[in-house]
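This report describes a ligand site and its surroundings.

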Amino acid sequence: MSNLVSGFSKFTKEQKIEWLSEIFLKGNKDANQILRLYWNSDEKLQQLHDDFIENTISNYYMPYGIAPNFVINGKHYVVPMAIEESSVVAAASLVGKFWSDKGGFRASVLSTVKVGQVHFMYGGSKTDLESYFLSKKTDLLKSTETITENMRKRGGGILEIELRDKTDELKDYYQLHVTFETKDSMGANFINSCLEAMAQNFEKEDIQIVMSILSNYIPECLVQAEVSCEVEKLHPTNGLLFAKKMKQAVDIANVDPHRAVTHNKGVMNGIDAVVIATGNDFRAVEAGVHAYAARSGKYKSLTACDIENGVFTFSIQIPLALGTVGGLTSTHPLSKLSLEMLQNPSAKELMQIIAVAGLAQNFAALRALTTTGIQEGHMKMHLVNILNQLEASQEEKQNITKQLSGKTVSYSGVADALKTLRA
Ligand code: MEV
């Protein structure tokens, strides 16, 4: 029997679950109940979630935590984070507090230029193409006027259209390279609509449009953040050693891509958590940030560390395309609430907050790695997760946590301890 299905999107949610249970979850009598357990009892809210994507059958929860005590450019913040990894929020909170009495974080936006491209093929004379492009430029802008009207009122719009010759790399390949300012919106829909309108206007017999799409590589939509203090303030007994080890950790990430990827993964723990909590597109951010880390031709650290004249400085510079209006930011109640608790930031402010979250997370990871090791903090949360998995009661949890304090935690170790306790 074929397990392929047609017209699936037209099934009701119940029919979809029934089909799934009968064919791919056969034998799991709890499947239906598990899926329904995560439905929201508020029907309107559930409908909202159903409508975000196609074929919704349930909701997939992620913990939503907050990291208090962040001081950024002198302003106090509590940072919302949606993430499943156990120690991330705890680490952010600790680091927020640590820097709060050392002047806090300083952040600034360096530029906000976004990019879109119309990719096309043209086999004729380059000079003719250049003349055609120049004769068309005003027309191209005109073709987007209705789309850009509101954005222009907000001070954004199309900044420049450039013809780029890529024929050295691929036969007959050219681009319209278009730059945009999208103010407080991420601008993906806006950019794509503009590009498609331009492409239609630009196309002619000898110009074949391949595709029109924004680029998630935006090295000119840049934010930077940093912290600094005298080295003695970094550690109760040996600030200089601590500072040197932190710097060595960053230096290592700059020379070794294996380490750099893990180093930057730690940065993204902080970045993604806030990007998701604020309803932004974490895949776009991930793709753009990693490409930026490799901009020199070698994949390197996103953070930098300096010790000069007894002052330790830890900083980050990353591209971030974010929105605080439009998309999920205004439709998902939790995204809206996240932005509200951040005092309804502009996209530029959100870029600064999220860069800080990434920097803080990297500081926390390197501090743990170069001092106690990462497992100490991880073990505590790991234990909680195992105890939950084993359905331990509150009393049992307290008892086992005490027993295993400071020890390496494994599933079988905890299961044995629980068995002994229960016996
Ligand atoms: C774990 O999610 C992140 C770390 O591996 C980052 C790092 O090694 O710097 C701890």
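The text below covers the model, the ligand shell, polar contacts and domains.

The model is predicted: local features need pLDDT of at least 70, side-chain atom pairs count only at pLDDT 80 or more, and totals for chains, interfaces and linings use all residues. Residues are numbered from 1 along each chain as its sequence is written, and side-chain values use heavy atoms, without hydrogens and water.

The shell around the ligand (residues with a heavy atom within 4 Å of it) consists of Glu85, Arg259, Thr262, His263, Lys265, Gly266, Asn269, Ala365, Leu369 and Ile374. By class, three of these residues are nonpolar, four polar and three charged, with Gly counted as polar. Helix H9 (257-277) and helix H13 (347-370) each supply at least two shell residues; H9 gives the most, with six. Helices are DSSP runs (H or I, at least four residues), numbered from the N terminus.

Side-chain N or O atoms of the residues below pair with a ligand oxygen atom; a polar contact is a pair of N or O atoms within 3.5 Å.

| Residue | Distance to a ligand oxygen atom |
|---|---|
| Glu85 | 2.5 Å |
| Arg259 | 2.7 Å |
| Asn269 | 3.0 Å |

Taken alone, the ligand exposes 290 Å², of which the protein buries 86%; accessible areas come from the Shrake-Rupley method with a 1.4 Å probe.

An automatic or database assignment divides the protein chain into domain 1 (8-50), domain 2 (73-110 + 222-371), domain 3 (114-215) and domain 4 (376-422). The centres of domain 1 and domain 3, taken over C-alpha atoms, are 43 Å apart.

Note on methods. Polar contact = N/O pair within 3.5 Å; in protein donor to acceptor, adjacent residues only side chain to side chain.
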